[in-house]
Amino acid sequence: MLQIASRMTILILLIALLFSSACGHPKQARVDVPPPPQQPPAAEAPTPGAGTSSGQSAKHSTTTEKNDADLIEPTLPAGTIPLATETGRASWYGPPYHNRVGSNGEVYNMHAMTAAHRTLPLGTIVRVTNLKTGHSALVRITDRGPFIPGRMLDLSLAAARKLDVYLPGVAEVKMEVMQTPSPLETGGKWAVQIGGFPDRDEAMKLADYLTRRYRTANVKRFSSPAGDWWVRVRVVDDNRDRATQLAAETQTTEGAVFLVRLD
């Protein structure tokens, strides 16, 4: 009996000890930790050529300066003496040639002080004087023309306004060659231009005839922005004497024949 009481006492003590151990370690509370904040996206590297880099700004500035320079009258050294003088009729051209590539490879701007001439070297600077009003201006030759019999010079719109040619359309002028990038009498690349033909078939017929007659010549036909058709014949070596002879030998019932310098 005594042994049983002793075992009961030990059992009670063990139960009490286990209970006190459980109470000494409270259950850990659950804590919801928020996720770490997202990192801001890395800045994208600038695309080459995009944005306002110093290189682009310089390029834009150079282009703007060039365009502005083209709009003003050319300048010459003091005391420049005319190399040649010619008198004839001047007209002017604008649309539909504006913003199209001219004979010098640059886009024609009718608001710049330029002009077209059939035989002066491209880049030549001429002084043009309206014989009726006396108004004068310097212009740069950048294109070929006028391809109308009896006319010597085709002015840009800006030059025509300054020289009082804009309203009448045609005026008698004196043209003084003041500065030229290459000789007037020698060298150059020459061709014959024939037209304009209102009918494409007529231009094709003449081009075929000239191709058969001058087998060594390069004959091309093309349309102008005004809608008419032209034939251009380039002789061997673009020689001036050969081109002059071909022009003298060529006749057409439509259009006219012009000797033209290509450079």
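Two strands count as paired here if DSSP finds at least two bridges between them. By that yardstick, strand 7 (residues 190-197) and strand 9 (residues 229-234) make a pair in this predicted model: 6 bridges join them, and the two run antiparallel. One spot along this pairing is easy to pick out, with Gly 195 standing opposite Trp 230 of strand 9.

Zooming out, the protein chain has 263 residues, and its secondary structure adds up to 5 helices and 10 strands. Some 31% of the residues count as buried. If contacts between residues at least 6 apart in sequence are taken, 74% of them link residues at least 24 apart.

Back to the sheet. Strands 7 and 9 belong to an open sheet of 4 strands, ordered 8-9-7-10, with antiparallel pairing. Strand 8 (218-223) and strand 10 (256-261) sit at the edges; each has a single partner strand, so one side of each is left without a neighbour in the sheet. From one strand to the next, the twist averages 25°.

Two helices meet these strands. Helix 4 (residues 200-213) packs on the sheet and touches strand 7, strand 8 and strand 9, its direction making about 15° with that of strand 9. Helix 5 (residues 240-249), for its part, lies across strand 7, strand 9 and strand 10, and runs at about 30° to strand 7. Strands 7 and 9 thus turn up in the lists for helix 4 and for helix 5.

Helix 4 can be followed in more detail. Its 14 residues span 20 Å from the first C-alpha to the last, close to the 20 Å expected at 1.5 Å a residue. Ala 203, Leu 206, Ala 207 and Leu 210 are buried in this helix. Viewed down the axis of helix 4, the buried residues fall within an arc of 100°, so they line one face of the helix. The cover over these buried residues includes strand 7, strand 8 and strand 9. Flip to the other side of helix 4, and Lys 205 and Arg 212 are exposed. As for how the helix starts, Asp 199 caps the N-terminal end of helix 4, with a side-chain oxygen 3.2 Å from the backbone nitrogen of Asp 201.

Technical notes. Residues are numbered from 1 along each chain as its sequence is written. This is a predicted model: local features need pLDDT of at least 70, side-chain atom pairs count only at pLDDT 80 or more; totals for chains, interfaces and linings use all residues. Side-chain values use heavy atoms; hydrogens and water are left out. Axes are lines fitted to C-alpha atoms, for helices over the stretch in contact, and angles run from 0 to 180 degrees between N-to-C directions. Contact means heavy atoms within 4.5 Å. The expected span of a helix is 1.5 Å times one less than its number of residues. Buried means under 20% relative accessible area, exposed over 50%, partly exposed in between (1.4 Å probe, protein chains only). The arc is that of the directions from the helix axis to the C-beta atoms. A polar contact is a pair of N or O atoms within 3.5 Å; within protein, one must be able to donate a hydrogen and the other to accept it, and residues adjacent in sequence count only if both atoms are side-chain atoms.
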